Amino acid sequence: MKRLEMETCRKRDWLLENVLLNPNFKEEMSRITNSCEGGRWMIRGSEMKSFLDKHFHYLNRPQKRSTSNKEGEKV
């Protein structure tokens with residue numbers, strides 16, 4: 001996981017949400033990873049590199065930011 005963070009310049013939480021546990025990529029991730037069986041991620045490096053290259057533009061799209069404050073009012 002640390003190597004993936006380093007290679008993508010993304011934090012663990014982002015990688016989990018947007019790549020590893022993203023329902024859109026569930027089938028691909030089942031072939032590339034061990035799905036954290038045993039409490040530790042194992043990832044096939046060359047296949048993950050191909051995946052990241054294939055989905056580069058999707059994964060690097062601008063993130064939507066919240067436009068509301070704590071009370072739920074739009075700012």
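The buried residues of helix H4 pack against H1, H2, H3 and H5. Here buried means under 20% relative accessible area, exposed means over 50%, and partly exposed lies in between, with a 1.4 Å probe and protein chains only. Packing is judged by contact, that is, heavy atoms within 4.5 Å. Helices (H or I, at least four residues) and strands (E, at least two) are DSSP runs, numbered from the N terminus.

This is a predicted model, in which local features need pLDDT of at least 70 and side-chain atom pairs count only at pLDDT 80 or more, while totals for chains, interfaces and linings use all residues. Residues are numbered from 1 along each chain as its sequence is written, and side-chain values use heavy atoms, with hydrogens and water left out.

**The chain**

The protein chain has five helices and zero strands. Of its 75 residues, 28% are buried. Among contacts between residues at least 6 apart in sequence, 35% join residues at least 24 apart.

**Helices H4 and H2**

In H4, the buried residues are Met48, Phe51 and Leu52. Seen down the helix axis, they fall within an arc of 95°, so they line one face of H4; the arc is that of the directions from the helix axis to the C-beta atoms. Ser46, Lys49, Asp53 and Lys54, on the other side of H4, are exposed.

Helix H2 covers residues 12–20, and its buried residues are Trp14, Leu15, Leu16, Asn18, Val19 and Leu20. They pack against H1 (2–8), H3 (26–32), H4 (45–54) and H5 (56–59).

**The nonpolar core**

A nonpolar core is a set of buried Ala, Val, Leu, Ile, Met, Phe, Trp, Tyr and Cys residues joined through side-chain atoms within 4.5 Å. The largest one has 15 residues, and those with the most contacts inside it are Val19, Leu20, Met29, Met48, Phe51 and Leu59. H2, H3 and H4 each give two or more residues to this core, and the largest share, five residues, comes from H2. In soluble globular proteins, nonpolar side chains tend to be buried together.

Leaving aside neighbours within four places in sequence, Leu59 is in contact with Arg10, Trp14, Asn18, Val19, Phe25, Phe51 and Leu52.

**Three loop residues**

The table gives the relative accessibility of a residue from each of three loops.

| Residue | Loop | Relative accessibility |
|---|---|---|
| Cys9 | between H1 and H2 | 71%, exposed |
| Cys36 | between H3 and H4 | 24%, partly exposed |
| His55 | between H4 and H5 | 14%, buried |

Cys9 has a positive phi of about 60° although it is not a glycine. Phi of Cys36 is also positive, near 65°. His55 touches Phe25 and Glu28, not counting residues up to four places away in sequence.

**The largest pocket**

On a 1 Å grid over the protein atoms alone, a pocket is an open set of points where a 1.4 Å probe fits, with protein on both sides within 12 Å along at least five of seven lines; lining residues have an atom within 4 Å of a point. The largest pocket has a volume of about 500 Å³, a volume being the space filled by probe spheres set on the points. Of the 19 residues that line this pocket, Leu4, Glu7, Thr8, Met48 and Leu52 are the closest to its centre. H4 gives the most to the lining, with five residues.
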